[in-house]
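Work through the exercises below with the model open beside you. Try each task before reading its solution.

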Amino acid sequence: MEPVNLKIGTRGSVLALAQTDWVLGEFRRAVPSFDIERVVIETRGDRDQTSSLASFGGVGVFVAELQSAILDGRVDAAVHSYKDMASRPTKGLKQFFPKREEVCDVLVGAPLDQLPRGARVGTGSPRRVAQLLRRRPDLRIEPLRGNITTRLLKQRDGTFDAVVLAKAGLKRARLFDPNRDFDLDPMDFTPATGQGQLAIETRSDVDLPLDDTPLSSALDRRLAQVERYFAAELGFGCHTPAAVWARVQDRRIAVIIDVLKPHGQESLKIEVPVPLAGNDTDLAVALALAEERGVRAFLAEVQQEEAASAG
């Protein structure tokens with residue numbers, strides 16, 4: 001039986017609340033008979049704003065407690081930033097995918113080519129660090145965590161000359177400023193796997209009437225699942241300077257796989273085709289093609305260097 005009183009879980013950050021409120025608004029328009037309540041759940045990633053994500057779980061740390069709340073019945077569904085979700089699906093849960101927002105990163109403060117030599121740039125993402133150093137090895141890139149407003153403040157108060165954020169998050173939180181925020185070309189700075197994509201997650205046995213609403217896009221589901229497949233099979237996580245980006249091109253999906261060494265001194269970027277409509281066999285064929293072009297061998301080099309530097 002469809003729920004009439006629906007509880008939607010979310011993190012309490014400015015961005016998470018903005019994203020969830022947008023979902024709730026669309027849901028109420030699609031199914032006005034439902035009584036929908038927003039439930040804020042604090043996650044470990046929210047409580048600890050200083051440690052690196054990799055130090056206490058990496059990808060998935062922001063969503064695991066929300067998923068537990070769904071499974072134990074405290075909430076009926078939750079809204080996630082898809083890039084925060086683990087590569088492997090969680091048993092007993094299913095997702096809906098709204099239309100994806102813009103995927104690119106932005107440099108808050110100045111365009112990349114206008115930053116002075118040795119400028120301080122803040123980001124907590126190994127991918128972003130390596131991609132910036134690939135283009136500008138002179139930059140001083142330092143760790144930065146915290147919610148979206150904290151990161152913006154660190155640039156505004158002069159702690160950093162620039163900080164890197166996802167354009168989608170700034171737009172959803174209504175904080176994007178075209179006079180301050182400058183796009184990093186996604187063809188050069190491959191976006192994080194799932195960047196710009198929301199996921200609405202619920203239990204597999206709950207029937208939410210979302211299939212014919214703006215909250216469910218078959219194309220964006222396909223693109224998200226293609227990216228997740230490659231990220232999972234190649235073992236990408238928040239500690240890996242790598243990304244997968246799937247986009248529609250010439251009536252097929254073009255998948256860009258970008259793997260970098262930590263300081264950006266070497267990288268491997270390849271593109272493989274995937275059918276718009278397909279199955280795991282099609283994905284396995286594309287993965288084999290990527291492996292023939294050296295992606296797994298280069299990734300092994302990256303991991304060996306990471307292990308050596310850690311030791």
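Accessible areas come from the Shrake-Rupley method with a 1.4 Å probe, and for residues only the protein chains shown count as cover. This is a predicted model: local features need pLDDT of at least 70, side-chain atom pairs count only at pLDDT 80 or more, and totals for chains, interfaces and linings use all residues. Residues are numbered from 1 along each chain as its sequence is written, and side-chain values use heavy atoms, without hydrogens and water.

**Exercise 1. Describe the surface and the burial of the protein.**

Step 1. The accessible surface comes to about 14300 Å². Carbon and sulfur atoms hold 50% of that surface.

Step 2. Buried means under 20% relative accessible area, exposed over 50%, and partly exposed in between (1.4 Å probe, protein chains only). Buried residues make up 52% of the 311 residues.

**Exercise 2. Describe the build of the fold.**

Step 1. Count the elements. Helices (H or I, at least four residues) and strands (E, at least two) are DSSP runs, numbered from the N terminus. The protein has nine helices and 13 strands.

Step 2. Check the compactness. The radius of gyration, taken over C-alpha atoms, is compared with a globule rule of 2.2 Å times the number of residues to the power 0.38. The radius is 19 Å, close to the 19 Å from the rule for 311 residues, so the protein is as compact as a globular protein of that length.

Step 3. Add the extent. The C-alpha trace spans about 60 × 50 × 40 Å along its principal axes.

**Exercise 3. Take apart the largest nonpolar core.**

Step 1. Such a core is a set of buried Ala, Val, Leu, Ile, Met, Phe, Trp, Tyr and Cys residues joined through side-chain atoms within 4.5 Å. The largest has 26 residues. Phe230, Phe236, Val255, Ile257 and Val259 touch the most other members.

Step 2. Find the sources. Elements giving two or more residues include α7 (218-234), β12 (252-260) and α9 (295-310). The top contributor is α7, with six residues.

Step 3. Zoom in on Phe230. Contact means heavy atoms within 4.5 Å. Beyond its neighbours within four places in sequence, Phe230 contacts residues including Val244, Val272 and Leu283.

**Exercise 4. Which backbone angle is unusual at Arg174 and at Asp250?**

Step 1. Recall the rule. Most residues other than glycine have a negative phi.

Step 2. Phi of Arg174 is positive, near 60°. Asp250 has a positive phi of about 55°.

Step 3. Place them. Arg174 lies in the loop between α6 (167-172) and β9 (181-184). Asp250 sits in the loop between β11 and β12.

Step 4. Check exposure. Arg174 counts as exposed at 78% relative accessibility. Asp250 is exposed at 67%.
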